[in-house]
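Welcome! Please take a moment to look over the sequence and the 3D structure below, and then we can walk through a few parts together.

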Amino acid sequence: MVNLETVAAVQLKNITKRFGKVVANDNVSLDINKGEILSLLGENGSGKTTLMNMLAGIYFPDEGEILVNGKPVTIASPKDAFDNGIGMIHQHFKLVDVFTAVENIVLGLENEGKLDLKAAAAKITEICRKYGFVIDPNKKVYDMSVSEKQTVEIVKVLYRGAQILILDEPTAVLTPQETDRLFDVMRNMKADGKAMIIITHKLHEVMDVSDRVAVLRKGKYVGDVATKDTSPQALTDMMVGHAVTLNIDRPEPKDPTPRLEVSGLTVYDALGVKRLDNVTFTAMGGEILGIAGIAGSGQKELLESIAGLQPISPGASIRYRPIGYSEDKDSVELVGKTPLQIKQSGVSLAFVPEDRLGMGLVGSLGMTGNMLLRSYRKGHGAFTDRKTPKKLAEEVLTELDVITPSVNFPVRRLSGGNVQKVLVGREIAQEPSVLMTAYAVRGLDINTSYTIYNLLTDQKMKGVAVVYVGEDLDVLLELCDRILVLCGGQVSGIVDARATTKEEVGLLMTRFKKEAAEA
Amino acid sequence: MSQVKQGKEPLLRIAKRDGISRPKAYGIRVIAVLLALIVSGIFIFAVTKLNPVDVYKGIYTGAFGTSKRFWVTIRDTMMLLCIGVGLAPAFKMKFWNIGAEGQILIGGVVTAGIMRAYGNSISTPVLLVIMAVMSLLAGCVWGVIPATFKAKWNTNETLFTLMMNYVAIQITSYCVALWENPIGSNTVGVINQQTKGGWFPAIFGQSYGLNVILVLALTIGMYIYLKYSKQGYEITVVGDSVNTARYAGISVKKVTIRTMAISGAICGLAGFIAVAGASHTISTSTAGGRGFTAIIVAWLAQFNTFVMILISLLLVFLQKGAIQIASQFNLNDYASNIITGIILFFILGSEFFINYRVILRSKKEGEAK
């Protein structure tokens, strides 16, 4: 156990951080001891990263105080954080590609005298030897693997004398072997008396590496437990909390028929990382299929592959059947088609992407200009027809209560909820037979969220196959008919939303079930 | 120190405006022009002891004083406008085409070559059409090369278009040496000075009438193209977000290449107008930096080609005025450039105040907690 007589390395007291109206951290208090590995656990948007960013000097708390070694400190910048011995390893590495490891590590240090890279390299080798890192100080970052880059980040903060290390989802980008090696290093650092906070979604890693687990839910501190006294099941319960009744109107599916048959879908991203692994499922017309999963489990890639926006590995098939298809007519294959070809082959696919302004809309144009995005090819000859989209824009404006000075006001300057209404309004106006939405209610207030839920349910009752990617399990459980759970790019289960529980979905999201079965 | 101290808010803060009413925006611009005149007036008086009003009159005389000067100002305005119109689609697509200089030159070289070779054998109207088409093609090629590389291999278009300028300059130098006339002058001289073969004919008694007609037609055409055509819509979407374009099924590669073909072609045509419609010769300075100045024209006008007319006119007006006051008041070039610089600075600066507002730190927030 930790030597209890010493004061905690870091104490967070009653920390509150707001972004506009959103409370990201609500009166959170947390201690981290020397020689301890603390896991910080929580669903997406529960405020883990925000909290850690305040320790690292990226954000400044609105209320509350931070104590290091029992003394109150002001951390207003990353430099202040370093001065207090706090170092954060971010999810996205912050390295200069064309520099070597040693150049990256000394970058930004204000030492007297001339830059002595040799001495720095020697010190780095010493740090590596001490904790068991493997790194070539003179290797350029662009030649490094993801794991090596991470090592450079960790050595960088150690070089600066960090006593408290924060690792934000360090294992998300690592292979299992690399993860094991990282954990060995972490244990070495622990033995040396360093305090460490690790943010991870993977419960088995939590059980494996940490001494204590602290759980956040919706910005609030739920509690902490010693790892040896808990189980993945108990942690999941702490993380998702008790089911909340939302009273979303959910009619029974209307004669469900296969609409999209996805099989063997595998997708690699530009860096060669596998994002989807042999995904197979069928989306039915007349039902809402929910997609649940930790952020980055392949949700984005799944929807984009169906929309023709992702390169798909060979062997996959996505078959589409329109509403009211006849048995003798063959279904349409979507794999290998561009978005335009998909549209031209008569597939009516509506897609509300996660990045509303970056992918779904043209920010500099008004509502009319954005309605045109789906229909501009129809116009007269070389020219666009503006009358129909203008009429549509006005319809969406009145039906969905969009608040905008005019239909020509740039949508970029509208509020998040109104931007989403414009996007959803346009997509539904296509009278689609498949409607895919990614985080359709993210950032929206309660009323707008319910407007969107009702619109989706209306579509379902029209026989549309609705695919709803969501992050709030309560909503998924009450809105959807079936829920497909993704974990690390694989389908870890498809469950009946009426029969399942929040805990079951939560476990599937972290794949506890499968691992338990394997063990 | 038991309380966490808040970081101090800076004295001046800049915030983006949510939008500004049109009269207010024009108000700010008018104030900017007046301020510019006052500040440069003070500068003139302080440095040269001249009456600022006389100097301003001089600027006006330089640009519009005589019928000839008036038409030269118009001719140069049209030239700048034509290039700006050519650059508009590229920049609207966020394709940083800084290669207009080269596209103009290559269009000009082709025009000059045809003019020299066939000026006395083919009738002028036919020759003009041939030269126009060939200069369009030449500029088009010069634009499509960097666009293709960008579309296929994602090369940096800024560097690529810039490099293409130097290639065009080298080709022009080679042709100047080849076509040197008279020998030893190191210039091409005025081509077909006697026969005027391949020169723009005078229209309504004005030698630059055709320039005006051609460029204004392009200006109107480009306005309609960007605003009402399907291709113009695609350019807007690609310029706003490549991902949105892909999402909507727009082929970004195709739009990139097609738009640069148009942009390059119009800049090539500007070379044709410069050679056949104005100088009747070719040299490495035929483009004269206007390919770069036109970038300012296009951006300041926010790609509205009608606004570009005003901006081109203003820039040319100031330039001609500067030349005039330099000779009239015996000022050196720098003094007159400073005056035009002050005026431009204020006008450009006013755009900042139209888009942003400056907030002074309120006393309460500045107090230590």
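How many residues does the contact take from chain B and from chain A?

## Where the chains meet

The contact takes 20 residues from chain B and 31 residues from chain A, counting two residues as in contact if their C-beta atoms, placed from the backbone, lie within 7 Å. On the chain B side, α8 (230–240) and α9 (242–247) each give two or more residues, and the largest share, 5 residues, comes from α8(B). Helices here are DSSP runs of H or I with at least four residues, strands are runs of E with at least two, and both are numbered from the N terminus.

## About the model

This is a predicted model, in which local features need pLDDT of at least 70, side-chain atom pairs count only at pLDDT 80 or more, and totals for chains, interfaces and linings use all residues. Residues are numbered from 1 along each chain as its sequence is written, while chains are lettered from A and ligands numbered from 1 in the order in which they are written.

## Strands of chain A

Strand β1 (residues 10–19) of chain A runs antiparallel to two partners, pairs being strands with at least two DSSP bridges between them. With β4 (residues 63–68) it shares 5 bridges, and Leu12(A) has Ile66(A) as its bridge partner there. With β2 (residues 22–32), β1(A) shares 7 bridges, and Lys17(A) stands opposite Asn25(A).

## Just after helix α15

Gly463(A), just after α15(A), takes a positive phi of about 95°.
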